[in-house]
Amino acid sequence: MTRETVRIAMNGVTGRMGHRQHLVRSILALREQGGLDLGDGTRLWPEPVLVGRREHALRELAERHGLTHWSTDLDAVLADPAVDIYFDAQVTSAREEAIRKALAAGKHVYTEKPSATSFAAALDLARRARDAGVKHGVVQDKLFLPGLRKLKRLVDCGFFGQILSVRGEFGYWVFEGDWQEAQRPSWNYRAEDGGGIVVDMFPHWEYVLHELFGRVRSVQALAVTHVPQRWDERGKPYDATADDAAYGVFELDGGAVAQINSSWTVRVHRDELVEFQVDGTEGSAVAGLRGCRFQHRAATPKPVWNPDLPATHSFRDQWQEVPDNEEFDNGFKAQWELFLRHVYADAPYHWDLFAGARGVQLAELGLRSSAEGRRIDVPEITL
Ligand SMILES: NC(=O)c1ccc[n+]([C@@H]2O[C@H](COP(=O)([O-])OP(=O)(O)OC[C@H]3O[C@@H](n4cnc5c(N)ncnc54)[C@H](O)[C@@H]3O)[C@@H](O)[C@H]2O)c1
């Protein structure tokens with residue numbers, strides 16, 4: 001077995017996602033398992049080059065994880081021919097410029113979503129990547145969640161018959177930051193800094209709906225700012241200028257209707273932070289992050305509406321659990337592995353910058369729908 005070192009410039013690794021999910025749970029976890037076996041006698045050894053703005057934070061991070069390469073000079077890192085891949089987990093507003101540079105330097109690009117702050121820019125990045133002939137990918141981690149993998153299994157075996165509707169409920173209470181620290185960064189609540197729940201979550205809903213049920217054909221959304229004032233990381237009050245909740249209806253190819261609530265201003269009375277209920281002619285299912293329950297039409301109870309009497313059914317107990325039947329790795333790591341196989345073993349991969357642009361498009365049209373108070377068609381992207 002030959003070991004091949006691959007250098008990956010990782011920008012934004014001091015942040016929440018960059019550090020926890022991408023550096024620790026993905027790249028360092030791959031190193032802990034001895035690298036990535038490509039199946040052709042080669043083992044890839046990912047060597048991260050930490051990139052960021054704050055020297056002390058990078059040095060501290062590198063030391064903590066026993067890493068030796070870090071830099072505050074993105075241009076110099078991109079000019080290094082030993083660096084193969086550029087990865088971006090910066091704040092969304094900083095992403096476009098950095099990816100543009102990485103593509104100009106001929107690097108393969110892997111990035112967090114949303115790939116840019118506007119659809120025009122996201123599409124432009126995708127076209128530049130295609131023209132540069134490099135490999136490119138966008139994080140679509142929800143597809144790799146155990147709950148959604150089990151749901152996909154049900155779709156693939158035809159369990160649902162005709163799928164009629166999808167109901168998604170996503171959210172939790174994000175503290176305002178005054179008497180308890182907020183658990184999300186403050187830029188998420190400022191539109192001028194690339195924040196907002198539509199921009200954050202609609203890219204996820206686009207690929208989840210598209211891959212499991214059908215392309216989104218139209219969107220109707222109401223985006224609102226329920227909590228107008230919050231407190232930032234330094235305890236200073238600021239105006240929340242971005243939407244913190246969005247109520248969306250999506251028509252899908254194939255005729256199903258999806259309705260998804262996304263909110264950072266809701267308290268959880270669910271089993272998981274996100275849940276999707278799918279109803280079909282032959283059966284229904286409810287999937288969360290990890291679990292997925294289903295009910296076949298033959299096992300469907302026949303409740304009769306009578307508010308004068310207490311409920312006679314224990315509805316939740318009438319569902320069956322989809323078994324694991326396999327081991328589920330961290331979703332971010334699973335997608336990293338597929339991307340690395342795509343780059344170094346030419347394995348197929350379709351979660352690219354064009355797919356990422358579709359997500360940005362849906363967010364943009366969702367916000368327009370909300371501003372104009374109407375349903376908007378989502379045109380197919382022309383490459
Ligand atoms: N896939 C997912 O489920 C998921 C979840 C949350 C966030 N994200 C995405 O990941 C990206 C990072 O989000 P996060 O929650 O980790 O944010 P964060 O604020 O915790 O981290 C942002 C990172 O960007 C860096 N940065 C670069 N330029 C900056 C600037 N001008 N101002 C402030 N920070 C700057 C910061 O130093 C930090 O390393 C976003 O694009 C977000 O949409 C994805």
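This section describes an annotated domain, one of its helices and a set of paired strands in a predicted model.

The UniProt record, an unreviewed entry, places the feature "domain: Gfo/Idh/MocA-like oxidoreductase N-terminal" at residues 50-136. In the model this span is 46% helix and 17% strand, and its end C-alpha atoms lie 19 Å apart.

Helix H5 covers residues 119-132. Its 14 residues reach 20 Å from the first C-alpha to the last, close to the 20 Å expected at 1.5 Å a residue. The buried residues of H5 are Phe119, Ala122, Leu123, Leu125, Ala126 and Ala129. Viewed down the helix axis, these buried residues fall within an arc of 155 degrees, so they line one face of H5. The elements that cover them include helices H4 (95-104) and H9 (353-372), together with strands S6 (108-111) and S7 (136-138). Gly133 follows H5 and has a positive phi, near 70 degrees.

Strand S15 (residues 283-287) pairs with strands on either side of it in sequence. With S14 (residues 274-280), the pairing is antiparallel over four bridges, and Asp279 stands opposite Ser284 in S15. Two residues separate S14 from S15 in the hairpin that they form. Strand S16 (residues 292-296) also runs antiparallel to S15, to which it is joined by five bridges. Here Ala285 has Phe294 of S16 as its bridge partner. S15 and S16 likewise form a hairpin, with four residues between them. S15 is mostly covered, with four of its five residues buried.

Definitions and conventions. Residues are numbered from 1 along each chain as its sequence is written. This is a predicted model: local features need pLDDT of at least 70, side-chain atom pairs count only at pLDDT 80 or more; totals for chains, interfaces and linings use all residues. UniProt positions are given in the numbering used here, feature names are shortened, and annotations may be inferred rather than shown by experiment. A residue is buried if 20 or more other C-beta atoms lie within 10 Å of its own, exposed if 12 or fewer, and partly exposed in between; C-beta atoms are placed from the backbone. Two strands pair if DSSP finds at least two bridges between them. The expected span of a helix is 1.5 Å times one less than its number of residues. The arc is that of the directions from the helix axis to the C-beta atoms. Two residues are in contact if their C-beta atoms, placed from the backbone, lie within 7 Å.
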